[in-house]
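This report concerns the structure shown below. The strand arrangement is treated before the annotated cysteines.

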Amino acid sequence: MRPLRSAAIDGPDLTAGPETATLPVALAPRASERLMRLKGDLRLGLPVILLDHGEAALVAWAETLTEDRFAALAAMGRAELALTRHRARALGSIAMPPGDVLRAALPPTAGLDWITTQAGGVADSGATPCPLPPLASGSAIHRAATTLAQSAQVLPAAVIVPLREGPDLALSLGLTVMQAHEVTDTLAAGAHHDRVSSAPLPMAASDAGRVHVFRPEDGGIEHSAIEVGTPDLSQPVLVRLHSACFTGDVLGSLKCDCGPQLHAAMAAMAGGDGGVLLYLNQEGRGIGLANKMRAYALQDSGLDTVEANQWLGFDDDLRDFRTGAQMLARLGIQRVRLMTNNPRKVDILTRHGVDVVERVPLQAGRTPQNERYLATKAAKSGHIFT
Ligand SMILES: Nc1nc2c(ncn2[C@@H]2O[C@H](COP(=O)(O)OP(=O)(O)OP(=O)(O)O)[C@@H](O)[C@H]2O)c(=O)[nH]1
Ligand SMILES: [Zn+2]
């Protein structure tokens, strides 16, 4: 495979000769922007090419792959399936250490239905998945493909076809190409968020209110901060870091405590000296609404919240609370009284420069239907309910 350097793959080459010195390099996409393109392609069902130390592979996500594209991929070489260690465990494989990814050969007769079953996409169909003999430990390409899928709220299972001819194919077909390590490094770094708009909003809880909308620099999902009442930002501010729950916040689901927690937090702010609600769009602890519904179907067959996430291949909590710390900093809030039962929220805010002067317990909305959900929070996720 010829070593290839391309602005489409590596970004602009700032060390090249004088003729490139005049290129408007600021116009070229940065790593975080190329990552969003890659993610967009994979969500569409388009294959991409990932590179790792002289290796190249075509990569597509099992969930978004179509029959015609799968047939074309399988014709390109020996197709493999990459699954997270959680999904491998659900299929009956031996336990794998954190960070490891299962890499298995696709049986020659495997079709898209078989792949979807292995990926966990037919949990409620009664189909029985089977253990897959691993080929070897997954490479950086397998890891990048499954980690990126989790961040895109897609089942973390990928079809991977190693390429002998390198990324030339990608360039002639117009496929997006990226280095695997750049995918994982960029994901780990997280995105910076800036405030894009603010406006007053009178609310049922408080006539005085203001909404601030934040957008990540990579063009991803927006989040909001809601001032309830008129908090004095020079004093410790009552803050709720709330993750979106469409079913609980909007539909009044009895399966969780999110809706009552949201309303209790706003009532406490309105009834006191005001406060700030950070509403983070991290539905289903980051797995998204579609997967949360898959998890709910699995919970009806006996799994708890954590087991259901893992059965689908996801980590049990994918939320990035660094976003909350950034939003507080942009609002000029340094000291907070944090309304939560989750010590991880306190820990991450503290590690990212927020002075959490007090954890304020927030218990509301216990129902017979959410008893097991709350028990699992206490037993497996470290929540404090005392
Ligand atoms: N994956 C998954 N997510 C769920 C389930 N039930 C609720 N959620 C999500 O869990 C999150 C709960 O968010 P929070 O209430 O902010 O957080 P918390 O970690 O419970 O901590 P607290 O601050 O103590 O409430 C929301 O994103 C919900 O959508 C479930 O069964 N499975
Ligand atoms: Zn909820």
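In this predicted model, strand β1 (residues 48-52) pairs with β7 in the parallel sense, over three bridges. Within that part of the structure, L51 stands opposite Q179 of β7.

Helix α6 (residues 112-119) packs on the sheet and touches β3 (80-84) and β6 (157-163). The direction of α6 makes about 20° with that of β3.

The sheet as a whole is open and is formed by seven strands with mixed pairing, in the order β5-β4-β3-β6-β2-β1-β7. Its edges are occupied by β5 (134-137) and β7 (177-179); each has a single partner strand, so one side of each is left without a neighbour in the sheet. Direction ignored, neighbouring strands of the sheet are turned by 35° against each other on average.

A second topic is the annotated site. An unreviewed UniProt entry lists C245, C256 and C258 under "binding site". The lining of the largest cavity includes C245, C256 and C258.

Two of these residues are set out below.

| Residue | Place | Relative accessible area |
|---|---|---|
| C256 | loop between α10 (246-250) and α11 (258-271) | 4% |
| C258 | helix α11 | 11% |

Why do C256 and C258 count as buried? The cut-off for this class is under 20% relative accessible area; C256 is buried because its value is 4%, and C258 counts as buried because its value is 11%.

Not counting residues up to four places away in sequence, C258 touches H242, C245, D249 and Y373. C245, one of these contacts, is also among the residues that the UniProt entry lists.

Conventions: Residues are numbered from 1 along each chain as its sequence is written. Chains are lettered from A and ligands numbered from 1 in the order in which they are written. This is a predicted model: local features need pLDDT of at least 70, side-chain atom pairs count only at pLDDT 80 or more; totals for chains, interfaces and linings use all residues. Side-chain values use heavy atoms; hydrogens and water are left out. UniProt positions are given in the numbering used here, feature names are shortened, and annotations may be inferred rather than shown by experiment. On a 1 Å grid over the protein atoms alone, a cavity is a set of points where a 1.4 Å probe fits but cannot get out, and a pocket is an open set with protein on both sides within 12 Å along at least five of seven lines; lining residues have an atom within 4 Å of a point. Helices (H or I, at least four residues) and strands (E, at least two) are DSSP runs, numbered from the N terminus. Buried means under 20% relative accessible area, exposed over 50%, partly exposed in between (1.4 Å probe, protein chains only). Contact means heavy atoms within 4.5 Å. Two strands pair if DSSP finds at least two bridges between them. Axes are lines fitted to C-alpha atoms, for helices over the stretch in contact, and angles run from 0 to 180 degrees between N-to-C directions.
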